[in-house]
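Please open the model in your viewer and keep the sequence panel beside it, since each stop on this tour begins with something to select.

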Amino acid sequence: MDAMQNLLTRRSIKKYKSDMVPEDVIARICEAGTYAATGRNLQAPIILAVTNKEIRDKLSQMNAAIMGSGADPFYGAPVVLVVLADKNVNTHVYDGSLVMGNLMLAAHAEGLGSCWIHRAKEEFESEEGKAILKELGIEGAYEGIGHCVLGYPDCEIPVARERKENYVYWVK
């Protein structure tokens, strides 16, 4: 897919089929995330590629509790790419946000749907979230930046809303 077309046509998807995404596709999407720009090229973010249903469901329940809802905040997506970033790097939130953008654009280029789901910060500040990282052997001062949920859309792809006026101000 042409890069500009990919940028202009990606949309957040909020309903997914339960079909698992092949691991090689997930790996390519994650690789695209690792090429996001980062401050001083310190590469502060890490990506948890969650395909284990038990862990995926646990993260969903934690996220829903923070949101104050019983619904699945991941919209049924079978894959959750959690982006965390080293709090000791002063650009960690920006760096992680760029990783999230790359993940969503790469998913779209692969023909998948994606959506940025918030509350990763609160999840991984909790004792339960810290325990998950410890179980995975991940040490350090990481802050949750976001969840990139992805999978095969089970809905119509939304049409882009018209762009607001005065989005761009030219300074010549």
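Begin by selecting Ser 60, which has its place in helix α3, and bear in mind from here on that this is a predicted model. Is Ser 60 buried or exposed? With a relative accessible area of 7%, Ser 60 is buried, because values under 20% count as buried. If you leave aside the neighbours within four places in sequence and display what remains in contact with Ser 60, you will find Asp 72, Pro 73 and Phe 74.

Next, extend the selection to the whole of α3, residues 53-67, and add helix α6, residues 127-135. The axes of these two helices come within 11 Å and cross at roughly 160°, so α3 is roughly antiparallel to α6, given that angles over 145 degrees are counted in that way. The crossing of α3 and α6 is left-handed. To see where the two helices meet, show the side chains of Lys 58, Leu 59 and Met 62 on α3, together with Glu 128, Gly 129 and Ile 132 on α6. Sorted by class, this contact of α3 with α6 has three nonpolar residues, one polar residue and two charged residues.

Keep α3 on screen and bring in the strands, for α3 lies across β1, β2, β3 and β4, and runs at about 115° to β1. In what order do the four strands stand in the sheet? They form an open sheet in the order β1-β2-β4-β3, and the pairing is antiparallel. Strands β1 (45-50) and β3 (113-117) stand at the edges, where each has a single partner strand, so one side of each is left without a neighbour in the sheet. Looking from one strand to the next, you should find a twist that averages 20°.

Now walk across the sheet one pair at a time, keeping in mind that the strands of a sheet pair through backbone hydrogen bonds, either parallel or antiparallel. Start with β1 and strand β2, residues 79-86, which run antiparallel and are joined by six bridges. Select Leu 48, and then find Val 82, the bridge partner of Leu 48 in β2. From Val 82 you can continue to the following pair, as Val 82 also stands opposite His 147 in β4. Strands β2 and β4 pair in the antiparallel sense over eight bridges. Finish the crossing at Cys 115, which stands opposite Val 149 in β4; here β3 and β4 pair in the antiparallel sense over five bridges.

Before leaving the sheet, select β4 by itself, residues 142-151. How many of the ten residues of β4 are buried? The strand is mostly covered, with ten of its ten residues buried.

Turn now to another pair of helices, α2 (residues 23-34) and α4 (residues 92-109), whose axes come within 8 Å and cross at roughly 145°. Here α2 passes α4 in a right-handed crossing. Show Ile 29, Cys 30, Ala 32 and Gly 33 in α2, which meet Val 99, Asn 102, Leu 103, Ala 106 and Ala 107 in α4. By class, this contact of α2 with α4 has seven nonpolar residues, two polar residues and no charged residues.

While α2 is still selected, pick out Arg 28, which is found in this helix. Arg 28 is partly exposed, with a relative accessible area of 38%. If you draw a distance line from the C-alpha atom of Arg 28 to that of Leu 103, a residue 75 places away along the chain, the separation is 9.4 Å.

The last stops concern the backbone, and it helps to recall that most residues other than glycine have a negative phi. Select Arg 40 in the loop between α2 and β1, where phi is near 55°, a positive value in a residue other than glycine. Arg 40 counts as exposed, at 68% relative accessibility. Then go to Tyr 75, which has its place in the loop between α3 and β2. Phi of Tyr 75 is likewise near 55°, and so positive in a residue other than glycine, while at 33% relative accessibility Tyr 75 counts as partly exposed.

Technical notes. Residues numbered from 1 in each chain as written. Predicted model: local features only at pLDDT ≥ 70, side-chain atom pairs only at ≥ 80, totals over all residues. Heavy atoms only, no water. Axes fitted to C-alpha atoms, helices over the stretch in contact; angles between N-to-C directions. Parallel < 35°, antiparallel > 145°, perpendicular 65-115°, else oblique. Left-handed = near helix turned anticlockwise from the far one by under 90°. Contact = heavy atoms within 4.5 Å. Nonpolar A, V, L, I, M, F, W, Y, C, P; charged D, E, K, R; others polar. Buried < 20%, exposed > 50% of the residue type's maximum accessible area, 1.4 Å probe, protein only. Pairing = 2+ DSSP bridges.
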